[in-house]
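The following briefing concerns a single protein chain. Please examine the sequence and the model before reading the points below.

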Amino acid sequence: VSLKQIEACLATISIDPALKVVLSQIANQGSEIRVLSDANTMFIDVILSANGLDRVISRVVTNPSSESGGQLRVFPYHTTPHPAHSTSPPNLCKGRVMQEWL
């Protein structure tokens, strides 16, 4: 499967129209809208763009990805160990990111 095929499939993912309206209204009022996902930058960017939401999202925290030799390469967001009590997968601890945001 090519990256173009993956992108085309991701672009068909529809976000509920009512949610798009609400997110746009929130952004237009000056609020920050952030996405925290253990997916990857390519997936999130394509889905947001296809739904016209890339302009209303102020920050995305996810696993970085890049194209290399026609393949999608996904890397961990966190490269240092999580706290001992964490039950998160090693690539991204959402609780840790939320703590940084607060």
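Of the 102 residues in the chain, 27% are buried (under 20% relative accessible area, with exposed over 50% and partly exposed in between; 1.4 Å probe, protein chains only). The model is predicted: local features need pLDDT of at least 70 and side-chain atom pairs count only at pLDDT 80 or more, while totals for chains, interfaces and linings use all residues. Residues are numbered from 1 along each chain as its sequence is written, and side-chain values use heavy atoms, leaving out hydrogens and water.

**Fold**
- The chain has 4 helices and 4 strands (DSSP runs numbered from the N terminus: H or I of at least four residues for helices, E of at least two for strands).
- From the N terminus, the order of elements is α-α-β-α-β-β-β-α.

**Nonpolar core**
- The largest nonpolar core (buried Ala, Val, Leu, Ile, Met, Phe, Trp, Tyr and Cys residues joined through side-chain atoms within 4.5 Å) has 14 residues.
- Helix 1 (3–10) and helix 3 (41–50) each supply at least two residues of this core, and helix 3 provides the largest share, 5 residues.
- Among the residues with the most contacts inside the core are Leu10, Met42 and Leu53.
- Beyond its neighbours within four places in sequence, Leu53 is in contact (heavy atoms within 4.5 Å) with Ile15, Lys20, Leu23 and Leu48.

**Helix 2 and Leu19**
- Leu19 lies in helix 2 (residues 17–28).
- Leu19 has a relative accessible area of 42%, so this residue counts as partly exposed.
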